[in-house]
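User: I am new to this structure and would be grateful for a close look at a single part of it, the surroundings of the ligand. Please describe that part in one connected account.

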Amino acid sequence: MRQLRTLIDDVLGVLEDVGKGRANPVAPGGPTAVRAYADDVLAEPLLPATGGGNPAEVLRKLVEAYANWSVDVSHPATVARMQCPPTAVAVAADLVAGALNQSMHAWEAGPFALELERRLIEDLATLVGYGADAGGTLTAGGSISNVMAMLIARDEAYRRRLGRSTFDSGLAVGGVRPVVLCTETVHFSVDRGASIAGIGADGIIRVPADDLGRMIPAEADRILRELPSDCLPVMLFVCAGSTDFGWVDPLPELARVAREHGVWLHADAAYGGGALFSERLRPLFDGLAEADSVTLDLHKFGWVPASAGVFLTRDAAMLDHLAVQQTSLNSPDDVAEGFVGRYGHSIQATRRCDALKIAATLRAYGRDGIGAMVDACHELSRYGAARVAREAKLQLAAEPVLSTVLFRYLPGDGSDLDAFNSSLRRQLMRDGHAMLARVFLPRPGGGKDVWLKLMLLNPDTTGEQLDQVIDDVLAAGAALEAAGRS
Ligand SMILES: *Cc1c(COP(=O)(O)O)cnc(C)c1O
């Protein structure tokens, strides 16, 4: 413990020093510069034949290099990915999770950690609106939660249609073809999930959406009605807070459709779920509790360092589809006496305790505290959108729903809008001035266009700071236009 305290003190000093010396979200020079820097500072092999180096020295050097070329997630111009600036209490808790190295897969690997996660899941299920029968698990992120949803929904669909367990028979039984319904613009983890679940890209049926991209319930109903009898609808995958626009598929209507057809309804609230903490935004998610399962990510809205994924099911018993396998980790005699870990309800075995950092943050800030942080990000996005709308050189894609601003730069010289905005983003990253996301949004009438996205997850960013980011975008756009003319 004494060595740990010294090392931590030491590296915190390094982080402070590096922080003092930086003004931008990232160092300048782009991929070439970071490669050259790494070639220099990592010249020695990472796996030397012989150890014996002074750990404090080794750590200081690595941490200094790591921090120098880290993206500053608390910088107002770091607005690309869903990386929140984590709370200090969560970071400290995460350190403890590492130091005590508990695991969630077996009782003997973390007795209290298991109790903590179980209770945390209960509270998060209540946040979603689920009742006492709900269950769930923490996961390594939204993608994994969505994959778990697909696996469980698939197994439940096969059990109901064929009375068989896919764990035993696989999918090549009964002559059925599993399919999943979702819109064109859901998160890409759906496609990967379909692959992992043995459904495949050809088994994804895209349901027509309205102008914003939201699923049209009547279309979902029609598709399910017209499905050939050898097709087995595994799930209706809907979005509760889309990654780009932030919209929510019409949950109550889709819940009705899913119920009528006896199809699993999964709501992906990986990003949007944080809005449940906000009194103001919560009504957008009315109907969420009617979903059979929900994905949340507290490393987005939630201010906890990654990973802090959450997978919830309205009926905890559904998780048993993952627990059919008998192993030394869940033998009935141990289970009967309470010596049971969470291996059976996860797709991981060894799994770190993410509950500690989440619980510490939720307890310290409370629902109202987190809600206020979500509201601050929402307000900031409205402020940024209003500013974009006033700029002649910028085009706003839509009014913010949660905390994104979608826009593009309009060069006056007739250059290709997609290529121009793509170059603009790369130039800002190369200069180290701003980290923005680029997204491909459906164009009315078909095809996709490039837009830029500000993903606002820092509640401490002020309007003036966001103005500065937009000023930098405008300046970089003007410079790119000038370069194109010369
Ligand atoms: C971020 C996100 C995911 C993926 O979550 P990861 O934690 O990055 O795996 C899935 N769905 C939506 C809607 C998201 O915004």
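**The surroundings of the ligand**

Analyst: In this predicted model, the element that gives the most to the shell around the ligand is helix α6, which spans residues 142-162 and supplies 3 residues. The shell holds 14 residues, and those that come nearest to the ligand are Gly142, Ser143, Asp268, Asp297 and Lys300. By class, the residues of this shell divide into 8 polar, 3 nonpolar and 3 charged.

Several polar contacts can be described atom by atom. Gly142, one of the nearest residues, takes part through its backbone: an N or O atom there lies 2.8 Å from an oxygen atom of the ligand. Asp297, also listed among the nearest residues, takes part through its side chain, where a polar atom lies 2.7 Å from an oxygen atom of the ligand. His299 likewise uses its side chain, with an N or O atom 2.9 Å from an oxygen atom of the ligand. As for how much of the ligand is covered, it has 380 Å² of accessible area on its own, and the protein covers 84% of this.

In summary, the ligand has a shell of 14 residues, with helix α6 giving the most to it. Ligand oxygen atoms are approached by the backbone of Gly142, by the side chain of Asp297 and by the side chain of His299.

Technical notes: Residues numbered from 1 in each chain as written. Predicted model: local features only at pLDDT ≥ 70, side-chain atom pairs only at ≥ 80, totals over all residues. Heavy atoms only, no water. Near = heavy atom within 4 Å. Polar contact = N/O pair within 3.5 Å; in protein donor to acceptor, adjacent residues only side chain to side chain. Areas by Shrake-Rupley, 256 points an atom, 1.4 Å probe, with all protein chains shown as cover. Helix = DSSP H or I, 4+ residues; strand = E, 2+ residues; numbered from the N terminus. Nonpolar A, V, L, I, M, F, W, Y, C, P; charged D, E, K, R; others polar.
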